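Me: Hi! Could you pick out a single part of this structure and take a close look at it with me? I would like one connected account that also covers what lies around that part.

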Amino acid sequence: ALDKEQMQGLRGIREFLKVRTSYDVLPLSFRLVVLDNELLIRKSLNILIQNGIVSAPLWDSSNSTFAGLLTSTDYINVIQYYCQFPDEIDQVDKFRLSSLRDIERAIGVLPLETVSVHPMRPLYEACRRMLKTRARRIPLVDVDDETGREMVVSVITQYRILKFIAVNNEKHTILLKKSVRELGLGTYSNLATADMNSSVLDVIHLMVKHNISAVPIIDKGNKVLNVFEAVDVIPCIKGGAYDELASSVGEALSKRADDFPGIYTCNEDDRLDAIFETIRKSRVHRLIVVDDNNQLRGIISLSDILKHVLLFGEEEDNIRAG
Ligand code: ATP
């Protein structure tokens with residue numbers, strides 16, 4: 001019966017996502033900080049920090065086009081560049097946002113696929129696109145009727161989508177009574193972790209190697225003390241002090257903004273409905289799964305949740321429908 005209810009809840013949410021658009025997710029009024037591609041990378045850091053944001057669309061004013069999305073991954077690429085070419089620190093200081101593609105090439109990482117969606121397309125499409133490309137945020141790009149030019153309306157994130165589901169779908173989310181353990185939700189093996197004395201650089205290398213954006217910080221007894229997130233690198237390199245990346249995670253975490261939302265934990269016996277309750281109430285970007293002694297068990301990313309909501313039992317559904 002639990003299985004049946006769970007599927008009923010998931011189907012309800014999927015139907016909801018098919019009749020809503022990305023535009024519906026946006027708040028009634030919002031501001032969008034767009035950065036000019038010719039801005040110095042060094043200066044972009046301060047602008048993000050001053051505005052309390054961790055990402056922004058880029059604008060190429062030479063030909064009035066959307067030029068991609070600036071995220072913490074770009075800063076991590078700059079750090080990798082600095083590590084590979086330490087003698088070029090003066091150069092790093094002069095890089096502009098438009099140099100980001102050259103930096104990717106120099107350090108040999110593949111550029112992220114730039115996907116965008118039209119704001120009036122079904123939200124379900126944006127979700128599928130996110131899971132397929134592993135993009136955590138997708139710009140909503142529209143075309144101006146009069147000028148025929150592209151405009152970035154906003155950016156949609158996994159967090160915003162899950163929040164939208166949590167707030168508007170209580171009648172479906174309360175049906176999700178299966179526990180994290182029963183669903184196998186999240187990752188429980190080969191966890192990438194670090195301790196308070198690890199250097200920030202070590203943790204960044206871990207994130208790059210595992211293609212993840214958060215590393216739990218644990219003590220000798222495997223107890224969770226904190227989580228270092230990709231966005232935490234932004235204040236670390238703010239003053240151009242790349243040599244400070246050799247300092248400890250503990251020190252870096254003390255630089256977090258006062259309004260840092262905190263880290264969220266859950267238990268393997270918690271049910272998915274409770275997780276949606278947490279998402280409804282707070283600014284959750286991932287859940288660290290701990291046992292009763294606060295020892296690390298696993299990690300549930302927003303994409304793990306989105307994947308479950310969209311894909312769990314999908315094949316059976318299609319067979320039944322077909
Ligand atoms: P985000 O929260 O921005 O989506 P993320 O890197 O934590 O970032 P995903 O890209 O969704 O999340 O993670 C991919 C997979 O890696 C997920 O299945 C997640 O459970 C797992 N994962 C996340 N962090 C770790 C970690 N520190 N160690 C091992 N696996 C992890």
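Reply: Happy to! Two strands are taken to pair if DSSP finds at least two bridges between them. With that in hand, let's start from one such bridge: Tyr 264 has Leu 287, in S9, as its bridge partner. Please keep in mind that this is a predicted model.

A second bridge ties Thr 265 to Ile 288 of S9. In total, three bridges join S8 to S9, which covers residues 286-290, and these two strands run parallel. They belong to an open sheet of three strands, ordered S8-S9-S10, in which the pairing is mixed. S8 (264-266) and S10 are the edge strands; each has a single partner, so one side of each has no neighbour in the sheet. From one strand to the next, the twist averages 30 degrees. As general background, the strands of a sheet pair through backbone hydrogen bonds, in either a parallel or an antiparallel way. S9 itself is mostly covered, with four of its five residues buried.

What lies across this sheet? Helix H15 lies across S9 and S10, and it runs at about 65 degrees to S10.

That helix leads us to the ligand. The ligand is surrounded by 18 residues, and the closest are Thr 187, Ile 212, Ser 213, Ser 301 and Ser 303. By class, the residues of this shell are seven nonpolar, eight polar and three charged. Which elements supply at least two residues each? They are strand S6 (214-218), strand S10 (296-301) and helix H15 (302-311). H15 gives the most to the shell, with three residues. So the edge strand S10 and the helix that lies across it both take part in surrounding the ligand.

The other strand that contributes to the shell, S6, deserves its own look. Four of its five residues are buried, so S6 is largely enclosed by the rest of the structure. S6 pairs with strand S7 (residues 224-229) in the antiparallel sense, over five bridges. One of these links Ala 214 to its partner Glu 229 in S7. Together S6 and S7 make a hairpin with five residues between them, and in the turn Asn 222 has a positive phi of about 65 degrees.

Two other places round off the picture. The first is a helix pair: H1 (residues 2-19) and H7 (residues 123-133) pack at an angle of about 110 degrees, and their axes are 5 Å apart. An angle from 65 to 115 degrees counts as roughly perpendicular, and H1 and H7 are therefore roughly perpendicular to each other. Arg 14, Leu 17 and Lys 18 of H1 meet Leu 123, Tyr 124 and Cys 127 of H7 in this contact. Four of these residues are nonpolar, none polar and two charged.

The second place is Leu 70, which sits in strand S3 (residues 65-70). A residue counts as buried if 20 or more other C-beta atoms lie within 10 Å of its own; Leu 70 has 24 of them, so it is buried. Beyond its neighbours within four places in sequence, Leu 70 is in contact with Leu 35, Ser 44, Ser 55, Ala 56, Leu 58 and Leu 97.

Notes
Residues numbered from 1 in each chain as written. Predicted model: local features only at pLDDT ≥ 70, side-chain atom pairs only at ≥ 80, totals over all residues. Near = placed C-beta within 6 Å. Nonpolar A, V, L, I, M, F, W, Y, C, P; charged D, E, K, R; others polar. Axes fitted to C-alpha atoms, helices over the stretch in contact; angles between N-to-C directions. Contact = placed C-beta atoms within 7 Å. Parallel < 35°, antiparallel > 145°, perpendicular 65-115°, else oblique. Buried ≥ 20, exposed ≤ 12 C-beta atoms within 10 Å, placed from the backbone.
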